[in-house]
Amino acid sequence: MSSRNEFHGWLLDIYPDPAQGVILWLLDEDGIRRHRLHQAFPTAFYVHSDNGSLRALWRYLKSLSLPIQLSRVEQQDLFREQPLPVLKVLTKTPSAQEQLFHHLKTSFPDLTYYNADIPLAIRYAAQTHVFPLARCWVLATDEGEVEALETLDSPWMIDTPPVPLRVMVLAPDCNPDHREPVELKVHLEGKHYRFPFKEERGLLIKLRALLRRYDPDLLLTVWGDNWLITKLHQLMEKHQITLPLSREQGRGVERREERFYHSYGGVIYRGPQARLFGRIHISTENTVMYHDYGLEGVFEMARVTGLRIQTAARVSPGTGISSMQILTALRQGVLVPWHKQQVERLKTAYSLLQADRGGMVYQPTIGLHSQVAEIDFISMYPSIMEHFNISPETVGKSGANGTFVPELEMTIDQDHRGLVPDTLQPLLEKRIKLKQALAGMNPKDIRYLPYQAQSSAHKWLLVTCFGYLGYKNARFGRIEAHEAVTAYGREALLRAKEAAEDLGYRVLHMYVDGLWVQKEGASKVADFQPLLEEILNRTGLPTSLDGVYRWIAFLSSRPDPRVPVANRYFGLFQNGTWKVRGIEMRRDDTSRWVKNIQLEMLNLLANAPDAGKLVEQLPRIHSLLQTRLAALREQKVSLEELLISQKLSRTLGEYKVLSSAARAAAQLEEIGKHLIPGQRVLFLYTRGKPGVYAWDLPERPDPGVIDTDRYAELLCRAAFTILQPLGIEEQTLRWWMFTNAGYGAPPGFLPDSCSQEIPLLGDFFLPTPPLGLSNPLI
Amino acid sequence: MELITIPHSPTLQLLVAPSSFQRKAAITFIAELAQTGPVRVLDGGNRFDVLSLNRELRRKDLLLYTALERIQVARAFTCYQMTTLLEQPAPGGIPTLVLNLLTTFQDENTSLPERLRLLETSLYHLQKTARHSPVLLILHPQPTEEPFLALIRETADRVWVFEQLHHPPVQLSLL
């Protein structure tokens, strides 16, 4: 008879095992021991069809003589009133379930399958309430079989104790897409090592020794998924030395191919993946939002979605929110369809015209404005979904207490809590708790950064949850629910506008979930508080004051300065921070050189004590532009600063006219580097044909071939964006930048007789008129 | 446009045309059909342009609201949804226009054999519907959609193909 072990620890990894059910890796709370445990985990899936087809399937399954249990049961389909009669197929292990389903979906493709392709970690979390990084109490035999396992944790707790993970960082010394790395840099526990790649055998032996000695829980790699792990494998095969990358003996690396897919009219690229068993592998460049929320955010995604940490790191927030919905469904005993088949109900063209709209946009008043408050609805769409019980199964039903959706001939059932609001509620509550805690927290507080990362992870989940209501591949999506959310959103924004106007505020701009308001004499946070309360009264939805701008510039369209552009602005908050949207420095395809100069221009403007004094910064901006342009022409700007990054939207063969990115990709193709749609290509603009130079070509280009005129033009456009609200005309800016014209005077102050023949003024200012609520210069 | 018979009798017709023409044709047919009675529109591309339809209905001096109420629309976003939509028979034998049928069958998340199987199922249901009501498929196929298009052509009772007009090169005037 085996003895028992009892301990507390954290769940690190979970994966299926064909013989033992599931394998669980736990980190003991002593921080030293790691436990490999196994547990039987019979796994079921369900099949629905007409009686004849189900009987045929039953007979077929019986004929296979597999260790499975078959039974006819009734389960709840989210979209049906009554429970659905289904065939339950219970397999001994998750691996067996996966194999059998794979076989059946090709042999019996016409049947409707439920709970058939759910990741093991989510099934496990649904059944046991144990999720990745959950603190648990475990009772296991000496042989490692779990006898009891309970979670002492909840994904909705804040201030959970940090998990003492041992982290090993592996990074090649340069980007392998660009040139062959020379060294592998290793960091762990404050120690740094450098192993030359040319000493192949030595590298493997040293790395193996480190892996064995430190036994890291987490391998944090740079270019790990798309280069390093493959490289190490090649070396292992060549020298017949095995690295224990996975903790699980005999299990190597799980590979997934790179792929691309279309989503919302764009092409999304997903790089290749290398996942380990019993040890977490996170490859920073292949981790979604790593730049935004880092490891803390990845851990939070795993905790709240229930996905394996390695999976949570690599999937989109949309898959994350979908996983959370699946988890809720499993816990409520609701069937999870393999493929969503619910279709849009037939509606009249008139109804479609009413319903098929997005968020409300109220075009901004072009120009410069002082003392403007920005008020945002807090997580507007998720709040609407939660507050009004919008879910695919509640829309279009009335019940005893049904509510009408504004504008639409649609009701929402309020008698039964929807699956989507149920999923969102704890997430929204946790996010609000974190935001409240962060608001009063010293940024040096040890909790500050983890809270920020967690909050950011929540933000992405909440942002995508709305899109997923209408997303084609969402298991629990429905277009009517999507339309109901936007209808409520438009109504809420209109009510907010009415509230603002009733209280004497002037609304300058509204954009989906935010509004920009101004009122004579209102400049402090407290001056806008009554409006926030009134909006809450009228909409039932919470808002927050994003801040009060010292000044803000709403920009016009470039071709027609009379036409405003929504969500294109820059503004300086009273606390000295910037908020910038829709301009060059926010774009991925703007070079760092242009972005930095645009930021420098903004920082010069920030020196002005108020909007009326902004024009006093023009001589400095003039000088800045001249200096930066001179540096460009004298080749003093590094090539890295000039890099342009653009996404390939299609395969090279599909381009009718090759874009700059496609021409750069074609150069790479010639040397055997194949890019697929969705991937970004880095390049420089060069003189002559083909006009670009792909950065990942083996040789650096001669700086003399850089198309400085093109970069100067790009800078001119970016500079004009910033200067246009100050009344600078594009032609004037071009004189300043390209003809050595000196700075004359603020716009509108040059005498009529002034021309290029008249000596221009130096750093001379004419007095500027006082600035009212809007800039009189515009 | 006048070349094509507006489907009034139970048949399955296919119209293959360049993008701009097929959009215009769809609007014209829907407006024409809405003049006389109800019409069902099933859209696989989420490109049903109600605003252009409004313009067309106004030009025909129809009561706009009445005409819009006669047009029943449903959209499919996946090939599974499209198959489910097509399973539903046209109520009362009203004409059915299917727009952008193949868009949902270009889903890279579903295997090619599975998509072909679903298309066959869809076509089976379309044929069933066409026994009782007129059905018109309007397509602007992409080069990658050839295997799918071939299946549809085999199924349709009548096929209209409009090709892009290629202007021959013109000698520039020397003056």
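Helices and strands here are DSSP runs, with helices at least four residues long and strands at least two, numbered from the N terminus. Keep in mind as you look around that this is a predicted model.

Let's start with chain B. Counted that way, chain B has 6 helices and 6 strands, and walking along its sequence you meet them in the order β-α-β-α-α-β-α-β-α-β-α-β. The radius of gyration of chain B is 17 Å, close to the 16 Å that the globule rule gives for 175 residues, so chain B is as compact as a globular protein of that length. Along the principal axes, the C-alpha atoms of chain B fill a box of roughly 65 × 45 × 30 Å. As for how the chain packs, 42% of the 175 residues of chain B count as buried. Take the contacts in chain B between residues at least 6 apart in sequence: 85% of them join residues at least 24 apart.

One spot in the backbone of chain B is worth a stop. Most residues other than glycine have a negative phi. Asn46(B) is not a glycine, yet its phi is positive, at about 50 degrees. You'll find Asn46(B) in the loop between β2 (39-43) and α2 (50-59) of chain B. Is Asn46(B) buried, exposed or partly exposed? There are 17 other C-beta atoms within 10 Å, and because a residue needs 20 or more to be buried and 12 or fewer to be exposed, Asn46(B) comes out as partly exposed.

Now for where the two chains meet. On the chain B side 21 residues are in contact with 18 residues of chain A. Which elements of chain B each bring at least two residues to the side that touches chain A? They are α2, α3 (64-70), β3 (71-75), α4 (79-87) and α5 (112-130). The largest share, 5 residues, comes from β3(B). By class, this side of chain B has 11 nonpolar, 5 polar and 5 charged residues. β3(B) also pairs with a strand of the other chain: strand β19 (residues 347-348) of chain A and β3(B) run antiparallel, over 2 bridges. To find the pairing on screen, look for Lys347(A), whose bridge partner in β3(B) is Val73(B).

Moving over to chain A, the domain assignment gives domain 1 (4-40 + 127-151), domain 2 (43-124) and domain 3 (354-411 + 474-580). The C-alpha centres of domain 1 of chain A and domain 2 of chain A lie 28 Å apart. Their contact takes 11 residues from domain 1 of chain A and 7 residues from domain 2 of chain A. On the domain 1 side, β1 (4-17), β2 (21-28) and α3 (120-128) of chain A each supply at least two residues. The largest share of that side, 4 residues, comes from β1(A). The residues of the side of domain 1 of chain A that touches domain 2 of chain A divide into 7 nonpolar, 3 polar and 1 charged.

Further along chain A there is a pair of strands to look at. Strand β13 (residues 218-221) and β18 (residues 280-283) of chain A pair in the parallel sense over 4 bridges, and within β18(A) the bridge partner of Leu220(A) is Ile282(A). In a regular strand the side chains alternate between the two faces of the sheet. You can see this in β18(A): Ile280(A) and Ile282(A) point one way, His281(A) and Ser283(A) point the other way, and all are buried.

Next, find helix α8 (residues 317-331) of chain A. At 1.5 Å a residue, its 15 residues should span 21 Å, and the end C-alpha atoms are 21 Å apart, which agrees. α8(A) is mostly covered, with 13 of its 15 residues buried. Just after α8(A), Gly333(A) takes a positive phi of about 75 degrees.

Two more backbone details round off the tour of chain A. Glu189(A), which is not a glycine, has a positive phi of about 45 degrees. Glu189(A) sits in the loop between β11 (183-188) and β12 (191-196) of chain A, and it is exposed, with 9 other C-beta atoms within 10 Å. As for peptide bonds, most are trans. Where does chain A have a cis peptide bond? One joins Lys689(A) and Pro690(A), with omega at about 5 degrees. Pro690(A) lies in the loop between β30 (680-685) and β31 (692-694) of chain A.

Definitions and conventions: Residues are numbered from 1 along each chain as its sequence is written. Chains are lettered from A and ligands numbered from 1 in the order in which they are written. This is a predicted model: local features need pLDDT of at least 70, side-chain atom pairs count only at pLDDT 80 or more; totals for chains, interfaces and linings use all residues. The radius of gyration is taken over C-alpha atoms; the globule rule is 2.2 Å times the number of residues to the power 0.38. Two residues are in contact if their C-beta atoms, placed from the backbone, lie within 7 Å. Domain bounds come from an automatic or database domain assignment. Ala, Val, Leu, Ile, Met, Phe, Trp, Tyr, Cys and Pro count as nonpolar, Asp, Glu, Lys and Arg as charged, and the others, Gly among them, as polar. The expected span of a helix is 1.5 Å times one less than its number of residues. Two strands pair if DSSP finds at least two bridges between them.
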